[in-house]
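Biologist: I would like to go through this model with you, one point at a time. Please keep the answers short.

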Amino acid sequence: MLDKSRSLKVDCVAYDLEDSVVPSKKSEARGSISRFLQTRSTGVTENAVRINAVDTGLALDDLTAVLKAPSLDTIVVPKVNSSSDLEFVTDVIRHNLPQRHAENPSKTSTPPINVLALVESARAVTDLTSICKASPYLSGLIFAAEDFALDLSLTRTPSLLEFLFARSAIATASRAYNLSSTIDLVCTSYKGAEGQQNLKDECVGGKGLGFNGKQCIHPNQVDVVQKAFSPSDKELHWAARIRIADQKADRRGRGSWTLDGQMIDAPVVGKAQAIIRRAEACGLDVTSAMESWKDQEPE
């Protein structure tokens, strides 16, 4: 299973020490993952490990083992209910890797270990402010829908309306505290044409709420998710038109103008710039899109 992950081309692979590992195999799993992460897979941008929850008493052993791995980029912390969970993880990371986590970042030669927090309970949703401020290494929030449903005795439905408040709160908090990753819930129905359509629909819904990624539990979900969260061709060309025309409007001293009968001002331009940055990060051909609209004029 570990070796198969080397063939993936994805933003992040999270290797699990929590729910997928029975208690009697925890120690063996720590060793396997630590050895596996001695080298980096070329197609995986970020190597992450999901440790056991802090309140299980297993997190310290997990961290002590996997933080030795040179290819580790991120720790995923499950069941984060308060800031103290992330403060504990941060302290352990600093103690084990002081050379990567100096108080002055300019003195470190390698980037610090990032932390992703799994939001799985009502308590966590109501304490997002303190959670988002708990660690300087926190890079994002992940919504764990199944555990959240268990906590609130909810039944998951295709509409996902029962999660609307929690998902909106997570996306809003992540943006408010400038966290780079806002990862939406797992799609549990993924096999066959119906499963793939469910996945597409969930991606569209999550993107509309402000999420910029989605958890995958099977390789056949990756392409659908990557396409859904990348700018579409239509979005890219719209953004290119905005950027080209805005540059010309700026030179003419015009702070607002119109395009296709719609008013364009700073917030719209900002959205276009964000789409272009994301398109570049996704490897889309931004240069060609810009070139095709080089004659665009502000109306």
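Modeller: Contact here means heavy atoms within 4.5 Å. Keep in mind that this is a predicted model.

Biologist: Leaving aside neighbours within four places in sequence, which residues is E120 in contact with?

Modeller: E120 sits in the loop between β4 and α4 (122-125). Neighbours within four places in sequence are left aside. The partners of E120 are then P78, K79, A144, D147, F148 and D151.

Biologist: Is E120 buried or exposed?

Modeller: Buried means under 20% relative accessible area. The relative accessibility of E120 is 6%, so E120 counts as buried.

Biologist: At what distance does the side chain of E120 reach the backbone nitrogen of K79?

Modeller: K79 is among the residues in contact with E120. The side chain of E120 reaches the backbone nitrogen of K79 at 2.8 Å.

Biologist: How far apart in space are E120 and T157, C-alpha to C-alpha?

Modeller: In sequence, E120 and T157 are 37 residues apart. In space, C-alpha to C-alpha, the separation is 17 Å.

Biologist: Now the sheet. What is the order of its strands?

Modeller: The sheet is open, has 7 strands and shows parallel pairing. Its edge strands are β1 (10-16) and β7 (213-214), each pairing on one side only. The order is β1-β2-β3-β4-β5-β6-β7.

Biologist: In β2, which residue is the bridge partner of Y15?

Modeller: β1 pairs with strand β2 (residues 44-50) in the parallel sense, over 6 bridges. In β2, the bridge partner of Y15 is V49.

Biologist: How many bridges join β5 to strand β6?

Modeller: On one side, β5 pairs with strand β4 (residues 114-119) in the parallel sense over 5 bridges. There, L116 stands opposite G140. With strand β6 (residues 181-184), which also runs parallel to β5, L141 stands opposite T182. The number of bridges joining β5 to β6 is 3.

Biologist: Why is strand β5 described as largely enclosed by the rest of the structure?

Modeller: Strand β5 spans residues 138-143. It is largely enclosed because its buried residues number 6 of the 6.

Biologist: Which residues touch the most other members of the largest nonpolar core?

Modeller: The largest nonpolar core has 61 residues. Helix α7 (residues 164-176) gives the most to this core, with 5 residues. Another core, of 18 residues, lies apart from it and includes A240, I244, A245 and V269. In the largest core, the residues touching the most other members are I75 and L141.

Biologist: Leaving aside neighbours within four places in sequence, what is L141 in contact with?

Modeller: Its partners include A117 and V119, as well as I170, A173 and S174. The full set is A117, V119, L128, I131, C132, I170, A173, S174, L179, S181, T182 and I183.

Biologist: Next, the aromatic rings. Which residues do ring pairs link into a cluster?

Modeller: The whole structure holds 4 aromatic pairs. The rings of F143 and F163 have centres 5.6 Å apart and planes at 75°, so this pair is edge-to-face. F148 and F163 also form an edge-to-face pair, at 6.2 Å centre to centre and 65° between the planes. Ring pairs thus link a cluster of F143, F148 and F163.

Biologist: How many residues apart in sequence are the parts that the pair of F143 and F163 ties together?

Modeller: F143 and F163 are both buried. F143 lies in strand β5, and F163 lies in the loop between α6 (145-152) and α7. The pair therefore ties together parts whose separation in sequence is 20 residues.

Biologist: How many disulfides does the structure hold?

Modeller: A disulfide needs two cysteine sulfur atoms within 2.5 Å. The sulfur of C12 is 10 Å from the closest cysteine sulfur, in C216, so it is too far for a bond. The sulfur of C187 is 7.6 Å from its closest, in C203, again too far. The number of disulfides is 0.

Biologist: Is C187 buried or exposed?

Modeller: C12 is partly exposed, with a relative accessible area of 31%. C187 has 1% relative accessibility and therefore counts as buried.

Technical notes. Residues are numbered from 1 along each chain as its sequence is written. This is a predicted model: local features need pLDDT of at least 70, side-chain atom pairs count only at pLDDT 80 or more; totals for chains, interfaces and linings use all residues. Side-chain values use heavy atoms; hydrogens and water are left out. Buried means under 20% relative accessible area, exposed over 50%, partly exposed in between (1.4 Å probe, protein chains only). A nonpolar core is a set of buried Ala, Val, Leu, Ile, Met, Phe, Trp, Tyr and Cys residues joined through side-chain atoms within 4.5 Å. Helices (H or I, at least four residues) and strands (E, at least two) are DSSP runs, numbered from the N terminus. Two strands pair if DSSP finds at least two bridges between them. A polar contact is a pair of N or O atoms within 3.5 Å; within protein, one must be able to donate a hydrogen and the other to accept it, and residues adjacent in sequence count only if both atoms are side-chain atoms. Rings of Phe, Tyr and Trp (its six-membered ring) pair if their centres lie within 6.5 Å; planes under 30 degrees apart count as stacked, over 60 as edge-to-face and the rest as tilted.
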